Amino acid sequence: MKYKNSNSIDGRVFPPHLTLLTGGTDKESLYAIAQLLAAQDWNMDDCSASPADTSEGFLSIPVRSNQLRVVQEDILKNIEPIISKKPFLHPRVLEKWDHLSSVQKERAIRYGTYKIAEDFHPHISIAKVEPAHQYAALAMARESIQAPMHMAFDIIQLVDVGHKNEKWEIIAEYPLGE
């Protein structure tokens, strides 16, 4: 059986991807962030993945690595002065606003997201299916994807997905370990 992957923008299915940060700001600020991140020297060659998982129809592969936390902390350190001046909060953050702690709200305002530190759960997004089909699709994913596994990442991309996930525009790419 096949399940429609609705993790798409502009009629294109999102490629599988590891999200390090889901902050928001304006286009001008994204280009300023791109310049700051170009000076970083990251390495993400020691990551491990767990079996596929699902939540609210999203299928993902949890990723574990201390390096990911270091990379996210470096990104936050660089972008905080820019994003905190012009934050755009994603609709999903706004929907949860009344249920966020004061610390999570402060993080959302400073970084455009509260999903940092203990709220950061890195994963490779692989698909979004109707919630009614998520467990059957998960079973298929677990048959196809062998875990645990070790992996390395060779590039980080700064991607503009728009305020409501309406596009997938690569702003900058950063090769790793060169």
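Here are some short exercises with worked solutions on the predicted model shown above.

## Exercise 1: Getting the overall picture

Find how many helices and strands the protein chain has, and what share of its residues is buried.

**Solution.** Start with the secondary structure: the chain has five helices and ten strands. Next, turn to burial. Of the 178 residues in the protein chain, 41% are buried. Then look at the surface, where the accessible area comes to about 10,500 Å² and carbon and sulfur atoms account for 52% of it. Finally, consider the contacts between residues at least 6 apart in sequence: 71% of these join residues at least 24 apart.

## Exercise 2: Following strand S7

Work out which strands pair with S7, and in what sense.

**Solution.** Begin with strand S3, residues 17–18. S3 pairs with S7 (residues 123–128) in the antiparallel sense, over two bridges. To place this pairing on the structure, find Leu18, whose bridge partner in S7 is Ile124.

Now move to strand S6, residues 58–64. S6 and S7 also run antiparallel, and five bridges join them. A handy marker here is Ser60, which stands opposite Ser125 in S7.

For a last step, look at the side chains of Lys128 and Phe58. Lys128 lies over the face of Phe58, at 5.1 Å from the ring centre. If you go on to look for aromatic pairs, you will find zero in the structure.

## Exercise 3: The buried face of helix H5

Decide which residues of H5 are buried, and why they can be said to line one face of the helix.

**Solution.** First, list the buried residues of H5 (residues 134–144): Gln134, Ala137, Leu138 and Ala141. Second, look down the helix axis. These residues fall within an arc of 105 degrees, so they line one face of H5. It helps to recall that an α-helix has 3.6 residues a turn, so residues three or four places apart point the same way.

Third, check the other side of H5, where Tyr135 and Glu143 are exposed. Fourth, ask what the buried residues meet: they pack against strand S5 (53–55), S6 and S7.

## Exercise 4: Helix H4 and a buried arginine

Is Arg107 in helix H4 buried or exposed, and which residues is Arg107 in contact with?

**Solution.** Take the helix as a whole before the single residue. H4 spans residues 102–111, and its buried residues are Gln104, Arg107, Ala108 and Tyr111. They cover an arc of only 100 degrees around the axis, which puts them on the same side of H4. Their packing partners are helix H2 (66–83) and helix H3 (91–96).

Now zoom in on Arg107. Its relative accessibility is 12%, and the cut-off for buried is under 20%, so Arg107 counts as buried. Setting aside neighbours within four places in sequence, Arg107 is in contact with Gly112, Thr113, Tyr114, Ile116, Ala117, Glu118 and Asp119. One of these contacts, Gly112, follows H4. The phi of Gly112 is positive, near 85 degrees.

## Exercise 5: Helix H1 and its cover

Identify the buried residues of H1, then find what covers them.

**Solution.** Step one is the list: Ser29, Leu30, Ile33, Ala34 and Leu37 are the buried residues of H1. Step two is their direction. Viewed down the axis of H1, they fall within an arc of 150 degrees, so they line one face of the helix. Step three is the face turned away from this buried side, which carries the exposed residues Glu28 and Gln35. Step four is the cover, which includes H2, strand S9 (155–160) and strand S10 (169–175).

Step five picks out Leu158, which lies in strand S9. Leu158 counts as buried, at 14% relative accessibility. Not counting residues up to four places away in sequence, Leu158 touches Leu30, Ile33 and Ala34, along with Glu169, Ile170, Ile171, Ala172 and Tyr174. Leu158 and Glu169 are eleven residues apart in sequence, and their C-alpha atoms are 8.6 Å apart in space.

## Exercise 6: A loop residue

Locate Asn43 and say how exposed it is.

**Solution.** Asn43 sits in the loop between helix H1 (27–37) and strand S4 (44–49). With a relative accessible area of 35%, Asn43 is partly exposed. To finish, find Val70: Asn43 and Val70 are 27 residues apart in sequence, and 9.7 Å apart in space from C-alpha to C-alpha.

Terms used:
Residues numbered from 1 in each chain as written. Predicted model: local features only at pLDDT ≥ 70, side-chain atom pairs only at ≥ 80, totals over all residues. Heavy atoms only, no water. Phe/Tyr/Trp six-rings, centres within 6.5 Å; stacked < 30°, edge-to-face > 60°. Lys NZ or Arg CZ within 6 Å of the ring centre and 35° of its normal. Pairing = 2+ DSSP bridges. Helix = DSSP H or I, 4+ residues; strand = E, 2+ residues; numbered from the N terminus. Buried < 20%, exposed > 50% of the residue type's maximum accessible area, 1.4 Å probe, protein only. Contact = heavy atoms within 4.5 Å. Areas by Shrake-Rupley, 256 points an atom, 1.4 Å probe, with all protein chains shown as cover. Arc of directions from axis to C-beta.
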